[in-house]
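Reader: I've just opened this one and could use a hand finding my way around. Can we go through it with a few questions?

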Amino acid sequence: MLKSLSRAVSAAARFYPSSSTATSTLRGAQQLFRAPLSAPSSASTRPFTRSMWMLCSSSGATSGSRPSLLTPSRVLPSAPCGCGGLHTDGDKAFAEFLTDEIKEEKKIQKSKTLPKLSGGWELELNGTEAKLVRFISGEKVTVTFNINNSIPPTMEEDPEQGQKAEENEPDIVSTPNFVIEVTKQGTKNALVFDCHFPEDEIGHGEGEEESDIFAIREVSFQPEGDADWKETSYTLNTDSLDWALYDHLMDFLADRGVDNKFADELIELSTGLEHQEYIKFLEDLSSFIKCH
C-alpha cells in the first residue's frame, strides 16, 4: 500500500516538473512514506515500549490511571526496626515466650561464673569447646571436650502418687566425651585417650563401692599438635582388651590427675558451660526474632 501511494505522488509530480512547491511536497511525502521502512537510528529514536521500571514507577502514572502491573496488591507487615524482615503475630508470641524462658533459666542458673577445677588445671574456652591443660614433672596433660550434644536423653516417667511433675524432673547434666593427650619432652607423638561417661556409671552414690565413672574407649599415638587423628595410626580399642592392661592405663591417667574426682569436676564444669551457652543462644534467638 505504501509503494502504491509513493508511485501516485511521483506520477503527480510529472505534471508539475518546474514547481518548487510540488518538489518540496514530493520530498516531504517521500520522506514520510520511507521513514517507517528504514532502519531506526539508536541515537535519535527511543524504544516503542516503556521499560518495566517505568510501568512500576508512581511518577509515570497519571492521576486516575490504573495501578501499575507489578505493584503487589497485599503488603506484608514491615519491621519497625528497619531490618526489612517479616514480623507477624507468631513472631511476637515467640519473642514473649523467649523473654519468659530466659528469665526462668537465669533463675535456676547456679552461678554466672564457671566452676574451677582443683589440681592446677588451666581452662581455655573457644565457644562450645573447652581445653584443660596441666603440667606435671615435665609432662603436659591436655583434656579437650565439647558441650554440644552432651546432654543425655531423658526418659519420661510417670510421677509417683502425691508427687508433683516438676519435683520428679531429673537434673540436666552434661556428660561430654573427652580426649586426653599426654606428651613428654623429647617425644614426637602424644599418647591419646578417647574417653566417655557410661550411663550406668554416672551418679554413683555414697557408701557404694567406688568404680570408675568414666571409661577409655580407644588409645593411640598421634603426632603432637595435630587437630585430626591419622587413620593410619594403630588404634587400640578397649572393648576386647585384657583387663590387666586396661587397669594399668587407668592408673596411668590417675597418676596424672585424671581420676574420678577430676571426672566429677569436669561434669560440673561442662554442665555450667552448657547452661551458659544455652542462655546465650536463647538471648541471640530473641534478638534475631525481634531484629535487635
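**Helices and the sheet**

Author: Sure, and keep in mind that this is a predicted model. Let's begin with helix α7, residues 260–290, which lies across β1, β2, β3 (139–146) and β4. Its direction runs at about 40 degrees to that of β3.

Reader: In what order do the strands of that sheet come, and how do they pair?

Author: There are 7 strands, and they make an open sheet. From one strand to the next, the twist averages 20 degrees. The pairing is antiparallel, and the order is β1-β2-β3-β4-β5-β6-β7.

Reader: Which strands stand at the edges of the sheet?

Author: Look for strands with a single partner, because one side of such a strand is left without a neighbour in the sheet. For β1, pairing with β2 (residues 129–136) runs over 5 bridges, and Leu 123 stands opposite Leu 132 in β2. The edge strands are β1 (122–126) and β7 (235–237).

Reader: Which helix packs on the sheet by touching β4, β5, β6 and β7?

Author: Those strands cover residues 178–184 for β4, 189–196 for β5 and 215–223 for β6, along with β7. The helix you want makes an angle of about 75 degrees with the direction of β6. That's residues 243–254, helix α6.

Reader: Over how many bridges do β3 and β4 pair?

Author: One place to look is Glu 139, which stands opposite Lys 184 in β4. The two strands pair in the antiparallel sense, and the count is 7 bridges.

Reader: Which residue in the hairpin of β4 and β5 takes a positive phi?

Author: These two strands pair in the antiparallel sense over 5 bridges, with Val 179 opposite Asp 194 in β5. The hairpin has 4 residues between the strands. The residue with a positive phi, near 85 degrees, is Gly 186.

Reader: Now for helix α4: how far does it reach from its first C-alpha to its last?

Author: Helix α4 takes in residues 89–108, which is 20 residues. At 1.5 Å a residue you'd expect 28 Å. The model comes close to that, at 29 Å.

Reader: Why do the buried residues of α4 line one face of the helix, and within what arc do they fall?

Author: The buried ones are Ala 95, Leu 98, Ile 102 and Glu 105, and what covers them includes α7. On the other side, Asp 89, Lys 92, Lys 103, Lys 107 and Ile 108 are exposed. An α-helix has 3.6 residues a turn, so residues three or four places apart point the same way. Seen down the axis of α4, the buried residues line one face because they fall within an arc of 95 degrees.

Key
Residues numbered from 1 in each chain as written. Predicted model: local features only at pLDDT ≥ 70, side-chain atom pairs only at ≥ 80, totals over all residues. Heavy atoms only, no water. Pairing = 2+ DSSP bridges. Axes fitted to C-alpha atoms, helices over the stretch in contact; angles between N-to-C directions. Contact = heavy atoms within 4.5 Å. Expected span 1.5 Å × (residues − 1). Buried < 20%, exposed > 50% of the residue type's maximum accessible area, 1.4 Å probe, protein only. Arc of directions from axis to C-beta.
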